[in-house]
Amino acid sequence: MSMSNLPPQNLAFELTETNREWLIERPLAIAGYILAAIVLRFVLHRLIDRMTKPRDPSKGPRRSILKPLQQRAGKPPGDPYARERRAQRAQTIGSVFKSGVSIIVLVWAVLQTLDSLGFNVAPFIASAGIAGVALGFGAQNLVRDFISGMFMLLEDQYGVGDVVDVGDAVGTVESVGLRVTTIRDIDGTLWFCRNGEILRVGNMSQGHAVAVVDIPIAPTANVHRACQVALRAVLDRVEGDDIAPDVLDKPELLGVNSVIAGAVTLRLTVRVRAGKQWGVRRSLTRAVLEAFEQDEIGSPTVLLAPATP
């Protein structure tokens with residue numbers, strides 16, 4: 001008997017059985033996979049945030065998977081600057097972990113959705129494996145960037161907010177990824193540096209720094225008296241409320257650093273918090289120059305080039 005000869009109620013029943021899978025079961029399965037992906041991503045992100053969240057000192061010690069990495073700083077556990085550095089590093093690593101989790105969950109949800117729609121996902125997985133092998137041979141620079149980025153994060157070479165020198169770019173790190181690091185220089189230019197091309201890193205924001213103050217004086221000035229005036233001015237300035245928290249040791253007068261035609265340069269140094277050396281140096285230089293002006297310490301002679309005809 002053909003379908004056209006079936007009673008109307010039997011025809012409706014046959015159509016419902018045929019479309020039930022597409023109208024009810026498969027949409028529900030897809031919705032379930034999407035909901036599961038959202039919940040799984042949320043839970044994993046919360047877990048990563050919990051493991052990388054800086055510990056509150058008032059609540060006692062707390063275990064963390066980043067604890068072995070955090071101890072590489074070599075600072076006492078109660079050091080507030082060390083805690084700030086560890087918190088910054090944990091935030092950077094946590095952001096990379098969350099990005100990786102999001103990609104994995106998204107790929108899983110897409111594959112499950114395709115499988116629910118009746119597509120055979122086995123060829124997709126096999127093709128992905130072949131493409132991965134081809135990518136490894138054809139995109140070696142990309143693989144090197146990822147591997148270098150992972151080691152940079154694990155070894156804590158730098159993090160977001162650090163002032164670094166990577167060769168062509170010198171500035172503040174704005175983001176650290178597995179492939180690219182972005183650095184904002186003093187002129188505001190944003191540099192995109194591939195991790196695989198970074199051969200050396202000079203980090204000016206780890207541990208401590210040294211503010212070096214070079215003060216030129218006239219060759220005819222009394223060097224001994226100039227050294228006394230400069231050291232007194234620096235000692236008074238480091239007691240100021242604005243820079244005192246950044247100074248870690250007493251200033252040290254190294255004496256005459258160089259002698260050139262028309263100028264003798266005195267050098268003073270002071271150990272300060274990492275990243276604060278430039279502000280401290282400017283403040284101390286201004287204090288020394290003002291003291292020289294009050295004590296009438298001679299300024300260096302400016303040699304002007306002869307005017308061209």
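Select helix α7 and colour its buried residues: Q277, V280, S283, L284, A287, V288, A291 and F292. The model on screen is a predicted one. The helix covers residues 277-294, which is 18 residues, and its first and last C-alpha atoms lie 26 Å apart, close to the 26 Å expected at 1.5 Å a residue. The spacing of the coloured positions may be read with the helical repeat in mind. An α-helix has 3.6 residues a turn, so residues three or four places apart point the same way.

Next, display what covers these buried residues. The cover includes β6 (208-217), α6 (223-237) and β8 (263-273). Before leaving the helix, step past its end to E296, which follows α7 and has a positive phi, near 60°.

Now select the largest nonpolar core, a set of 26 residues. The residues with the most contacts inside this core are I217, V270, V272, L284, V288 and F292. At least two core residues come from each of β6, α6, β8 and α7. The largest contribution is that of α6, which gives six residues.

Centre the view on V272, one of the residues with the most contacts inside the core. Setting aside neighbours within four places in sequence, V272 is in contact with H208, A209, A211, D246, V247, L248, Q277 and V280. Of these partners, Q277 and V280 are also among the buried residues of α7.

Another core, of 13 residues, lies apart from the one just visited. To find this second core, select I93, V96, V176 and I198, which are among its members.

The tour then moves to a sheet. Select the five strands in the order β4-β3-β2-β1-β5; they form an open sheet with antiparallel pairing. The edges are held by β4 (190-194) and β5 (202-203), and each has a single partner strand, so one side of each is left without a neighbour in the sheet. At the β5 edge, zoom in on β1 (residues 163-165), which pairs with β5 in the antiparallel sense over two bridges. Select V164 together with N203 of β5, its bridge partner.

Finally, return to the whole chain. Its secondary structure consists of seven helices and eight strands. Of the 309 residues, 30% are buried. Among contacts with a separation of 6 or more, 64% join residues 24 or more positions apart. With the surface displayed, the chain exposes about 19800 Å², and carbon and sulfur atoms supply 60% of this area.

Definitions and conventions. Residues are numbered from 1 along each chain as its sequence is written. This is a predicted model: local features need pLDDT of at least 70, side-chain atom pairs count only at pLDDT 80 or more; totals for chains, interfaces and linings use all residues. Side-chain values use heavy atoms; hydrogens and water are left out. Helices (H or I, at least four residues) and strands (E, at least two) are DSSP runs, numbered from the N terminus. Buried means under 20% relative accessible area, exposed over 50%, partly exposed in between (1.4 Å probe, protein chains only). Contact means heavy atoms within 4.5 Å. Accessible areas come from the Shrake-Rupley method with a 1.4 Å probe; for residues, only the protein chains shown count as cover. The expected span of a helix is 1.5 Å times one less than its number of residues. A nonpolar core is a set of buried Ala, Val, Leu, Ile, Met, Phe, Trp, Tyr and Cys residues joined through side-chain atoms within 4.5 Å. Two strands pair if DSSP finds at least two bridges between them.
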